[in-house]
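Thanks for asking me to look this one over. Here are my notes, as numbered points you can check against the coordinates.

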Amino acid sequence: MNGTDNYPAREWTMAEEPSELGWSRSALAEAHEFAESIGSSAMMIVQGGLVVSAWGNIADVTGIASMRKSLLSALIGIHEAEGTVDLGLTLAELGVDDCEPALTFSEKQATIEDLLMSRSGVYHAAADQDPATLPPRGTHSVGEQWFYNNWSFNVLGVILERLTGIPIAEDFSRRIALPLQMQDFQPQHFYFKTVPQSSHPAYKIRMSARDLARLGLLLLNEGRWRGTQIIPAEWISRSVKPYTDLGRGVGFGYSWWTGRYALRSTTISVRDHKEDMPFYWASGMGHQYLMVFPAIGTILIHRVADTANGPSNQQIEQLQTMILGSRTIGVPLTTPITK
């Protein structure tokens, strides 16, 4: 990975001149203008631990929607390394059930790993899930089919609290937020949503763009922060492998989305050489993203405060093209595709 020895202290450090880090100031300005026109509320581009550009309300603490799932995955990785979490444990072994109609014997064979990969085969009603989107119970066996089901993600939060004995808000704060000196995050920014059809609440998180960028930098640096290994590098590597191929270059790992894009080399001897490079991201409703591009050492944060009036799919792909097109060193040739 293309990491860095630069870390923010209490505040992020702005790059004096984007061009020194391989970015076009004028092209970034055009991307900023376009972002404002399509409903983006905040954006950050971080290169080598320095802020290349920051637009909008980067300190606003707002809901991150389904990005929460990727954040929990990072926390689970810490506990797996310590032996607190075993990905092979089944729902039956963990004593996990739910409201009537209760889980079947077959459904209870799903493991923690199946939940992380969204391949549990459990289509029980869940908090923060439209029941009309669910397949009928028993449609697929455990591990057979990928399906983006909030029941699986909600239960992961319940399981982690059960295995550690620590509320996940407190756990995330102590294990990740405090070491990274997050500027805006507080444990009360974790909250819970319940529905009568399920006994497992959906954990919800509010966070600022600039705190999400700190997490992105931690991931870019393979889990290291100022010489301390916070998340195991091996876990990050496993998390961003595409265990499921969703088409159009998109994959899904341990609650992280994955993709690839073409990158043109700037080395004179191989000027025309093109490499297919991986990247990964956390995604939330309304086109909210924490994106990590290891090959070019870049983190991109995109926030939308009013998700009902945010960018369309076409607009967000155009914005991504404009932002990555602002890069003048190691220029991406194709737009990464996001879900």
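1. A word on classes before the pockets: Ala, Val, Leu, Ile, Met, Phe, Trp, Tyr, Cys and Pro count here as nonpolar, Asp, Glu, Lys and Arg as charged, and the others, Gly among them, as polar. By that scheme, the lining of the largest pocket has nine nonpolar, nine polar and five charged residues. Please keep in mind throughout that this is a predicted model.

2. On confidence, the chain has a mean pLDDT of 93, and 92% of its residues reach 70 or more. The stretch to watch is residues 266–271, where pLDDT stays under 50. For this stretch the model has five contacts beyond four places in sequence. Where pLDDT is low, the predicted coordinates should not be read in detail.

3. Back to the largest pocket, whose volume is about 540 Å³. It is lined by 23 residues, and Ala65, Ser66, Asp128, Lys204 and Met285 are the closest to its centre. Helix H2 (67–81), strand E5 (198–207) and strand E11 (274–284) each supply at least two residues of this lining.

4. Ala65 deserves a second look for its backbone as well. Although Ala65 is not a glycine, its phi is positive, at about 50 degrees. This residue is found in the loop between strand E3 (62–63) and H2. Is Ala65 buried or partly exposed? Ala65 counts as partly exposed, because its relative accessibility is 23% and the buried class ends at 20%.

5. The second largest pocket has a volume of about 250 Å³. Val240, Pro242, Arg260, Pro278 and Phe279 are the closest to its centre among the 13 residues that line it. Strand E10 (257–264) and E11 are the elements that give two or more residues to this lining. By class, the lining of the second largest pocket has seven nonpolar, four polar and two charged residues. If you set the two pockets side by side, note that E11 supplies at least two residues to the lining of the largest one and also gives two or more to the second largest.

6. Next, the interior. Which residues touch the most other members of the largest nonpolar core? They are Leu91 and Phe172, in a core of 94 residues. Helix H7 (residues 209–220) gives the largest share of this core, eight residues. Leaving aside residues up to four places away in sequence, Phe172 touches Leu71, Leu75, Ala177, Met182, Phe185, Phe190 and Met207.

7. Ile176 lies in helix H6 (residues 168–177). Its relative accessible area is 0%, so Ile176 is buried. Beyond four places in sequence, the contacts of Ile176 are Ala74, Leu75, Ile78, Asp171, Met182 and Leu215. Ile176 and His79 are 97 residues apart in sequence, with their C-alpha atoms 12 Å apart in space. Leu75 and Met182 are worth displaying here: they are among the residues that Phe172 touches, and Ile176 touches them too.

8. A charged residue to inspect is Arg238, in helix H8 (residues 233–239). Arg238 is buried because its relative accessible area, 17%, is under 20%. Not counting residues up to four places away in sequence, Arg238 touches Glu80, Leu87, Tyr243 and Tyr254.

9. Ala92 sits in helix H3 (residues 91–94). With a relative accessibility of 42%, Ala92 counts as partly exposed. Lys108 and Gln109 are the residues that Ala92 touches, once those up to four places away in sequence are set aside. Ala92 and Ser255 are 163 residues apart in sequence and 22 Å apart in space, C-alpha to C-alpha.

10. Two further backbone items are worth keeping in view if you prepare this model for calculations. The peptide bond from Glu100 to Pro101 is cis, with omega near 0 degrees, and Pro101 is found in the loop between H3 and helix H4 (112–116). Gln181, a residue other than glycine, has a positive phi, near 55 degrees. Gln181 is found in the loop between H6 and strand E4 (190–195), and its relative accessible area of 29% makes it partly exposed.

Methods
Residues are numbered from 1 along each chain as its sequence is written. This is a predicted model: local features need pLDDT of at least 70, side-chain atom pairs count only at pLDDT 80 or more; totals for chains, interfaces and linings use all residues. Side-chain values use heavy atoms; hydrogens and water are left out. On a 1 Å grid over the protein atoms alone, a cavity is a set of points where a 1.4 Å probe fits but cannot get out, and a pocket is an open set with protein on both sides within 12 Å along at least five of seven lines; lining residues have an atom within 4 Å of a point. Grid points are joined across faces, edges and corners, and a volume is the space filled by probe spheres set on the points. Helices (H or I, at least four residues) and strands (E, at least two) are DSSP runs, numbered from the N terminus. pLDDT is the predictor's confidence in each residue, from 0 to 100. Contact means heavy atoms within 4.5 Å. Buried means under 20% relative accessible area, exposed over 50%, partly exposed in between (1.4 Å probe, protein chains only). A nonpolar core is a set of buried Ala, Val, Leu, Ile, Met, Phe, Trp, Tyr and Cys residues joined through side-chain atoms within 4.5 Å.
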